[in-house]
Amino acid sequence: MDVSGDNVADLIYRSEVSGRLLLRKGIAASGGGVDLQSLASAANSADGADSVYGGSGWGRTGIPKLMGTPDADKDGIPDIWTVHSNGQVRFYAGSKTALSGSGTEIVTPKSYWQTRLAIG
Ligand SMILES: [Ca+2]
Ligand SMILES: [Ca+2]
């Protein structure tokens, strides 16, 4: 999904080591779409390095499930949904650079959400 707004797909991933979300910006392929090699490593990406997209608390222990989705709040930026370890579902409005805040609670903690295998 394109996070940066240049119509080229980017990659957001999380690091269990740092508990952070990281953003890797793609480079347009000559024939359209994204040059997949630009997403293969930070050095190959548009910025030559990954940037911090979510600062802390994104490890699997606290947030067992997360999913990037198309734009849900109509601001043109893809968004992120999470299921937390207590069964709470939160919505994080996407940003072109880095997330701010701690999202919005959509579902209060529910034990049955703890047993969901995937979201999306
Ligand atoms: Ca992009
Ligand atoms: Ca959005």
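Is Leu39 buried or exposed? With a relative accessibility of 16%, Leu39 counts as buried, because buried means under 20% relative accessible area. The legends below walk through this and other close-ups of the structure, which is a predicted model.

**View 1. Leu39 in helix α1 and the residues around it.** Leu39 belongs to helix α1, which covers residues 36–40. Leaving aside residues up to four places away in sequence, Leu39 touches Ala9, Asp10, Leu11, Arg24, Lys25, Gly26 and Val34. One of these contacts, Asp10, is worth remembering, as Asp10 returns in the next view among the residues that coordinate the calcium ion (ligand 1). For a sense of scale, look from Leu39 to Gly94: their C-alpha atoms are separated by 19 Å, and the two residues are 55 apart along the chain.

**View 2. The site of the calcium ion (ligand 1).** Here you can see which atoms coordinate the calcium ion (ligand 1): Asp2 (OD), Ser4 (OG), Asp6 (OD), Val8 (O), Asp10 (OD) and Asp10 (OD), at 2.3 to 2.6 Å. Asp10 appears twice in that list, each time with OD. Along the sequence, the donor residues of this ion follow the spacing D-x1-S-x1-D-x1-V-x1-D. What geometry does the site of the calcium ion (ligand 1) have? The site is irregular, and the angles among its six donor atoms run from 52 to 173°. Val8, which coordinates this ion through O, is buried, with a relative accessible area of 8%.

**View 3. Ser4, a calcium-coordinating residue in the segment before β1.** Ser4 sits in the segment that comes before β1 (10–15). Its OG coordinates the calcium ion (ligand 1). Ser4 counts as buried at 19% relative accessibility. Not counting residues up to four places away in sequence, Ser4 touches Asp10, Lys25 and Lys96. Two of these names may look familiar: Asp10 and Lys25 are also among the residues that Leu39 touches.

**View 4. Asn7, with a positive phi.** Asn7 also lies in the segment before β1. Its phi is near 65°, a positive value in a residue other than glycine. Is Asn7 buried or exposed? Asn7 counts as exposed, at 73% relative accessibility.

**View 5. The sheet β1-β2-β3.** Three strands make up this open sheet, in the order β1-β2-β3 and with antiparallel pairing. At the edges are β1 and β3 (51–54), each of which pairs on one side only. On average, neighbouring strands of this sheet are turned by 40° against each other, direction ignored. How many bridges join β1 to strand β2? There are six, and β2 takes in residues 20–25. To find one place where the two strands meet, start at Arg14: its bridge partner in β2 is Leu21. Strands of a sheet pair through backbone hydrogen bonds, either parallel or antiparallel.

**View 6. The sheet β4-β5-β6-β7.** This open sheet has four strands in the order β4-β5-β6-β7, and their pairing is antiparallel. Its edge strands are β4 (65–69) and β7 (104–107), each pairing on one side only. From one strand to the next, the twist averages 25°. Inside the sheet, four bridges join the antiparallel strands β5 (residues 79–83) and β6 (residues 89–92). A handy landmark is Thr82, which stands opposite Arg90 in β6.

**View 7. The site of the calcium ion (ligand 2).** The protein donors of the calcium ion (ligand 2) are Asp71 (OD), Asp73 (OD), Asp75 (OD), Ile77 (O), Asp79 (OD) and Asp79 (OD), and they lie 2.2 to 2.6 Å from the ion. In sequence, these donor residues are spaced D-x1-D-x1-D-x1-I-x1-D. The site is irregular, with angles of 52 to 167° among its six donor atoms. Among the donor residues, Asp71 counts as partly exposed at 29% relative accessibility, whereas Asp79 counts as buried at 0%.

**View 8. Lys74, in the loop between β4 and β5.** Lys74 is found in the loop between β4 and β5. Lys74 has a positive phi of about 60°, although it is not a glycine. At 78% relative accessibility, Lys74 counts as exposed, because exposed means over 50% relative accessible area.

Methods. Residues are numbered from 1 along each chain as its sequence is written. Chains are lettered from A and ligands numbered from 1 in the order in which they are written. This is a predicted model: local features need pLDDT of at least 70, side-chain atom pairs count only at pLDDT 80 or more; totals for chains, interfaces and linings use all residues. Side-chain values use heavy atoms; hydrogens and water are left out. Buried means under 20% relative accessible area, exposed over 50%, partly exposed in between (1.4 Å probe, protein chains only). Contact means heavy atoms within 4.5 Å. Two strands pair if DSSP finds at least two bridges between them. Axes are lines fitted to C-alpha atoms, for helices over the stretch in contact, and angles run from 0 to 180 degrees between N-to-C directions. Donors are N, O and S atoms within 2.8 Å of the metal (3.2 Å for Na, K and Ca); water is not among the atoms, so sites may look incomplete. Four donors count as tetrahedral if all angles lie between 85 and 135 degrees; four count as square planar and six as octahedral if opposite donors are over 155 degrees apart and all others between 65 and 115; anything else is irregular.
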